[in-house]
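Biologist: I'm new to this one. Can you put it on screen and take me through it?

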There are 2 protein chains.
Amino acid sequence: MARPSQTELAVLGALSTGPMTGYEIRGSITGVLGHFWHESFGQIYPALGRLEAQGAVRRRSPGRTSGSVFELTRSGRRRLTALLAEPGPTPPARNALLLRLFFGTHLPDGGARDLLADAEARASAALEEYAAVRSEIEGVTEGVPDATAITAAAPPTEEPARPAPPADPEQAYRTMTLSFGEHMARAQQAWARECLTMLEGVSGARG
Amino acid sequence: MARPSQTELAVLGALSTGPMTGYEIRGSITGVLGHFWHESFGQIYPALGRLEAQGAVRRRSPGRTSGSVFELTRSGRRRLTALLAEPGPTPPARNALLLRLFFGTHLPDGGARDLLADAEARASAALEEYAAVRSEIEGVTEGVPDATAITAAAPPTEEPARPAPPADPEQAYRTMTLSFGEHMARAQQAWARECLTMLEGVSGARG
DNA sequence: AGCAGCATGTAAGTGGTTACATGATTGT
DNA sequence: ACAATCATGTAACCACTTACATGCTGCT
């Protein structure tokens, strides 16, 4: 009936890359999947508790001095695969930008332009981050097993992404995720720019 | 503090195109903005009540036999403009598809391919609907003031959208909304296809 | 008479965020 | 000592969906 929580899936997924504390799970998710997924502590800890009760994760006696490190059990790994295969909920669309733009005639002067300029800026910023991540993960084909994070900056790329040479499976899936972000950001950028030039023509909406 | 409800804005926006009942407001939103916005009755009616209490909308004595028709007051129109100008919440990203694809190595055989094929299909379907809407609103430059709805079907367009000749303001904003959908759907389509061909290369993920 | 669509609302439940409270550890 | 970060949890609140209850209208 109700939209099932995806938090357990995300937690299980994070744990599939290695044992972690709840705190680290969150950092791992926001660091690597930050643009596409989000979890808050208020969701993670209860989920961890449920998962532990189900036997999907195990709390390791702290080799650490503080906090408890969780690891996937065999049943947890099976559960991850099962959850992954489920289609997942498609929450109703709610695009605040589009809602505003659609009723653009009632926007104050220059309002539409501001909206679009902001959308363009956000897309460009995202593109820069993606470019940095891409150069990072493309530099390392094998070796360091820890997750890559967003750090540096690079000029926005305009070229369409070529099919990318298939690396090892894990790398391939990470690249696909990144590629999605790039495609979407580029599309948003192009769209916003088109609209902006279109707005200049319509003098009824100048500001 | 809390993410403010956007429902009142959506209701006000719908009412800006003419007086309606709550039932019609919903139909209007799902019909025209269906791909980008959604409202349920459980949200609309309470919102209408609040809006009425604030004096933003007025309940007209039923010229109709059943239901009450709501219309925007002057203050409501001002409120719409104010709400429209506010940036609007940016809910944390939660892309179920990306979450699954990222942990694609743990997916059962062929799971990733299915995910991508589905994404491609959905994008293509959306593109067809958009094409139908576009041909409809481009045929009518002025005249019939009622909202256009999705009805027919057309082959998916691959060509990049040209800047589109500026029509009257209202038309322009509607076109921008539609164009957003087209850009995004095309991007998703291209991305999914790229990933699909990439998957064929990696024999570790065939199914 | 009966059914499909129009119309209005309420109640329950859920997933999720935010804020708060608390404490340990580490570096300066 | 002090601050920043690590770490864990809970409580309050929120928007929203779903399901339900109810009745009217128009058509066949």
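Biologist: Is Glu39(B) buried or exposed?

Modeller: Glu39(B) counts as buried, at 1% relative accessibility. Buried means under 20% relative accessible area, exposed over 50%, and partly exposed in between, with a 1.4 Å probe and protein chains only. Bear in mind that this is a predicted model: local features need pLDDT of at least 70, side-chain atom pairs count only at pLDDT 80 or more, and totals for chains, interfaces and linings use all residues. Residues are numbered from 1 along each chain as its sequence is written, chains are lettered from A and ligands numbered from 1 in the order in which they are written, and side-chain values use heavy atoms, leaving out hydrogens and water.

Biologist: What forms a salt bridge with Glu39(B)?

Modeller: Arg94(A) does, with the closest N and O atoms 2.5 Å apart. The pair crosses between chains. Arg94(A) sits in the loop between α4 (74–85) and α5 (96–102) of chain A, and Glu39(B) in the loop between α2 (22–33) and α3 (41–54) of chain B. Helices here are DSSP runs (H or I, at least four residues), as are strands (E, at least two), numbered from the N terminus. Arg94(A) is partly exposed, at 36% relative accessibility.

Biologist: How many salt bridges does the structure hold?

Modeller: There are 22 over all chains. A salt bridge is a side-chain nitrogen of Lys or Arg within 4 Å of a carboxyl oxygen of Asp or Glu. One of them joins Arg59(B) and Glu52(B), at 3.0 Å from N to O. Arg59(B) is partly exposed, with a relative accessible area of 42%, and Glu52(B) is also partly exposed, at 30%. In chain A, Glu8(A), Arg50(A) and Arg79(A) are linked in a network.

Biologist: How far apart in helix α6 are Asp118(A) and Arg122(A)?

Modeller: Four residues, so about one helical turn separates them in α6 (residues 111–139) of chain A. Their side chains meet in a salt bridge of 3.2 Å, N to O.

Biologist: New topic. What turn lays chain A on chain B?

Modeller: A turn of 180°, with a shift of 0.0 Å along the axis and an RMSD of 0.0 Å. That is the relation of a two-fold axis. The same surface serves both copies, as 99% of the contact residues of chain A recur in chain B. The copies are superposed by least squares on the C-alpha atoms of residues with pLDDT of at least 70 in both.

Biologist: What does Trp191(A) contact?

Modeller: Leaving aside neighbours within four places in sequence, its contacts (heavy atoms within 4.5 Å) include Leu97(A) and Leu116(A), plus Met176(B) and Phe180(B) from chain B. Trp191(A) is also among the residues with the most contacts inside the largest nonpolar core, which has 106 residues. Such a core is a set of buried Ala, Val, Leu, Ile, Met, Phe, Trp, Tyr and Cys residues joined through side-chain atoms within 4.5 Å.

Biologist: And where does Gln188(B) lie?

Modeller: Gln188(B) is in helix α7 (residues 169–201) of chain B. Gln188(B) is buried, at 16% relative accessibility. Among the residues it touches are Phe180(A) and Met184(A).

Biologist: What about confidence: what pLDDT does chain A average?

Modeller: Chain A averages 85, and 80% of the residues score at least 70. pLDDT is the predictor's confidence in each residue, from 0 to 100. Over residues 143–156 of chain A, pLDDT stays under 50.
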